[in-house]
Amino acid sequence: MKQKTDVLQGTLALMVLKTLDVLGPLHGYGIARRIEQISGDLLAVNQGTLYPVLLKLEQEGAVASEWGASENNRRARFYRLTREGRKQLQAETKDWEQTAAIIARFFEAKAEDLS
Amino acid sequence: MKSLRRFFTRLFNTAAKRAREERLREEIEEHIALQTDENLRAGLSPVEARRQAMLKFGGVEAMKEDYRAERGLLLIENLMGDLRNAMRSISRMPGLAAVIIVSLAIGIGVNTTIFSWIQMMLFEPMPAVSGAANFLMVEPRTETGGYPGASWQEYRDLRTQVPALRDIVASQMVPFNVGERGQTERTHGQLVSGNYFSALGLKPAMGRFFRPEEAERSGTEPVLVISYDYWQTRFGGAPEAVGQKVRVNDRELIVIGVAPRDFQGTMVPLKFELWAPATMAPALLGGTRDLEDRSIRAFSLIGMLKAGATSEEAQAEFSRAMATMARDYPEASAGIGGEILAFWNSPRGPQRMLISGLAVLQGVMLLLLLAVCGNTANLMLARGSVRRREMAVRVALGAGRWRIASLVLSENMLLALLGTGLAAVIAVWGTTALRVAPMIGAFPILFPTKVDEFTLAFAMLLGAACGLIFSAAPAVHLARLDPQEGLRSSSNTAPRSRARKVLMGVEVGLAMVVLIAAGLFLESFRSARQTDPRFRAEGVLLAAYDLSGRNPDEASEREFAARLLERLRSLPDVEAAAIATNVPVDLHGIPSRSFTVQGHVRTEAGKDRAICNTVTPGYFQVMGIPLVEGNDFAEMRDKAAPAQAIVNVEFVRRYLNGAEAIGRRLQTRGGSFSIIGVARNSVYDAFGEPAQAAVYLSYRDLPVFQGEIHLRTRSGNETALTSEARAVLRDLDPMLPLYDVRTFSQHIERNLYLRRIPARMFAVLGPLLLGLAAIGIYAVVSYAVARRTREIGVRLAFGATGRRVVLQIIRENLGVITWGAAIGWVVAFVISVRVIAKGATNLSVFLGVPAILLGVATLACWIPARKASRIDPMTTLRHE
């Protein structure tokens, strides 16, 4: 169980960082919506799981948060990417691309390539 | 870095828990509100919009749990929770908690106090000297196993011939008479080698220590180092003290430095005030030949191993060096080998004797602590059973086994911690109270014990161990609890617990052992106080003089004693006066000598020994010891009479089978004596001792440079003689102080002091332990009874009498108690026979203690049993 959430949290964290990078400061709901839209609703996670991830990122210093007013003029907590978060995003993006490339290559590989 | 940062943020979050919780709630609310808005826009009904939003968000509680796990440190949070819980549950049982904390505190406190003594002697035997425990005693040893000390010349040889030891230090204890003529004061000091302070690694508190050249040749600079205390009391701590002249043994010495605070010399617990170079010996000790004569073995040597050297190497080198000396100087060193001893094992200090005694005491006290733990475990177990329901609810709500165990553990650990805190206070108080023992003999004594971080760590360790020991049973018990079982059954029918009963038995057994030990100790102490010493101590004043600073010869010693006695006897208030080398009931004991006596065949070499005291004529009169046969010694100035001896009745019985003693020859190493009288037996070393054979020799034949003056007063007020005696001595020699003046009763009291400490300890701890055992039994029985109210109710309803119920409950519990007590009794008996040996198996203690213990135990059973028998059967049954 635990491992699965860890993996999920890892990818979710990357998505959160990327979203904030692209869209700037956003509240939790906004981030959740955005991820849903981009993933084409493929990622059917409970939106609630987002909050522990946000907290973790904040504690690591990748994001910062403060209170602000949302579209409907309610008090909402806005998250923004910090400089450290940006660095982390770059590093993780690179990692992820590498991993993806390696995995892709593995899937492309045919029997004769390996012999 | 990242993880560290997270850790601190989490730590902070744990503290700011409430604010965060609030923030999360708000965020969730906001999130759901936004989603609901969105859903409304999509055309859902308000109710459905909100429902969908909630569904999409997922399980709020599970997520909150995740969020919390992310946010704080679960472990610490749980721990804090446990502690809070523990505090709450302790405050709910103030009486019980107080009993537990106080008994733990006393148990741990006493152990810590004893430990601080052992630790002091083993690890920090010399205050102010770091690493003092590493010093080794370098002791010449005779074939018969005596340690005569080393001569100065020997020391000089050994310094180069034992390369495994660096910087061997020599010191000699000397009494100094300090002050101007007519008002001298006896002070103790050491004559030391030039490297004394440097080898000990000391820095002067003021001024400087000896320069090498000051301790090279004899008769050089007359320099003196004083102790910190001496500096404070005699010079008021003034810096001008350095450079001042002090008259010591009629010589002017210049104070050059002050030793560091707390430093008291190299013969702990003796406390020295002055140090002079050993090369001053001839000047200070009336031209003694200490420095040249190899047969004057006045010095004690200590040294530390060089890096990399082993004590075996040192021993081998030392033995070789001593063998060479025995060959080169046969008249002084023949038959003398050498032995390297650990510092605490020194043949001179009291360490060796004290350590074994303290080890036994520590053992007994650890047993006591164990009994306290058993008691506490029992109380907690009884309480834990009451809490079965609470725990069952916790388990049913999802608390894990560990969670339950840690709950119980934290509660007990908190109790242990509080107990340890109080114990530290007791230990600090105890060590300081024991620190200053009065002077023993004429020597100032200071035991440099203290409670340091090492001792406190020991206390903490004991506390933690106790906490674990007494939590183990209840924790296991409760953690194994089946929630269904725990919830279904009412507290009245909880299963029996064998553990409690076994613990009760063990506790009673331990109490038995310690109480018997206490009883034996008190009994021997009490009987010691009441025994007739067979001499008359009332009305006798004691005082000591010492001619060693004058380096006298036999003739002058004899003459001095004779003149002193003449003058003292002429005082109007003095009924009788005498001088002796030893005073009975002294802490050091009176030395014994081996001898041969005419008419008795020696069974084994050195086996025939008798207490030996050298006294002047008139001694028996002062002491009130009648002579059964024969006469007193010849007068001091009598040159005609042959060397004389007086023996006691026990001597005649043991060695002469009761035959006529007078006229026989007695041979000792000191010479040949003719027995002229038989004295009645009296007490020599300790009250209550078995009769000892004793030989009295005369000062006339064997004069000694020091003596204990015994004065019997005519008026009954012996203290009134003090100033007159002082005046007499001052008249005879203005540089000679009279010291260690005390009445005989004071002398006896003082020497019982060291025995009184453990006696007091036992007097306090014995009843305490009895009380603990009683509380323990009471707790177990009252719990057991409470558990069985229904059964008792039924039986009463069927016509059983209250009496029968009470008897049955007592019988059931007394069985276990008796077993425990019997085992404890046997253990105590075996120990007393094996360890304490002769004369210690005191019947009244071995019968009295079990009687008291079982009596108290029965009472502790009876009270709750009687309460149970008064139950109204109807109420109980209805209650179910």
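Three exercises with worked solutions follow.

The model is predicted: local features need pLDDT of at least 70, side-chain atom pairs count only at pLDDT 80 or more, and totals for chains, interfaces and linings use all residues. Residues are numbered from 1 along each chain as its sequence is written, and chains are lettered from A and ligands numbered from 1 in the order in which they are written.

**Exercise 1.** Determine how many residues each chain brings to the contact of chains A and B.

Solution. Take residues as in contact if their C-beta atoms, placed from the backbone, lie within 7 Å. Chain A then contributes 20 residues and chain B 24 residues. On the side of chain A, at least two residues each come from helix 2 (28–38), helix 3 (50–60) and strand 3 (75–81); helices (H or I, at least four residues) and strands (E, at least two) are DSSP runs, numbered from the N terminus. Helix 3 of chain A gives the most, with 6 residues.

**Exercise 2.** Decide whether R77(A) is buried or exposed.

Solution. R77(A) is found in strand 3 of chain A. A residue is buried if 20 or more other C-beta atoms lie within 10 Å of its own, exposed if 12 or fewer, and partly exposed in between. R77(A) has 21 such atoms and is therefore buried.

**Exercise 3.** List the contacts of R77(A), leaving aside neighbours within four places in sequence.

Solution. In chain A, the partners of R77(A) are H27(A), G28(A), S65(A) and W67(A). From chain B, E27(B) is in contact with R77(A). For H27(A), the separation from R77(A) is 50 residues in sequence and 5.5 Å in space, C-alpha to C-alpha.

Conventions: Two residues are in contact if their C-beta atoms, placed from the backbone, lie within 7 Å.
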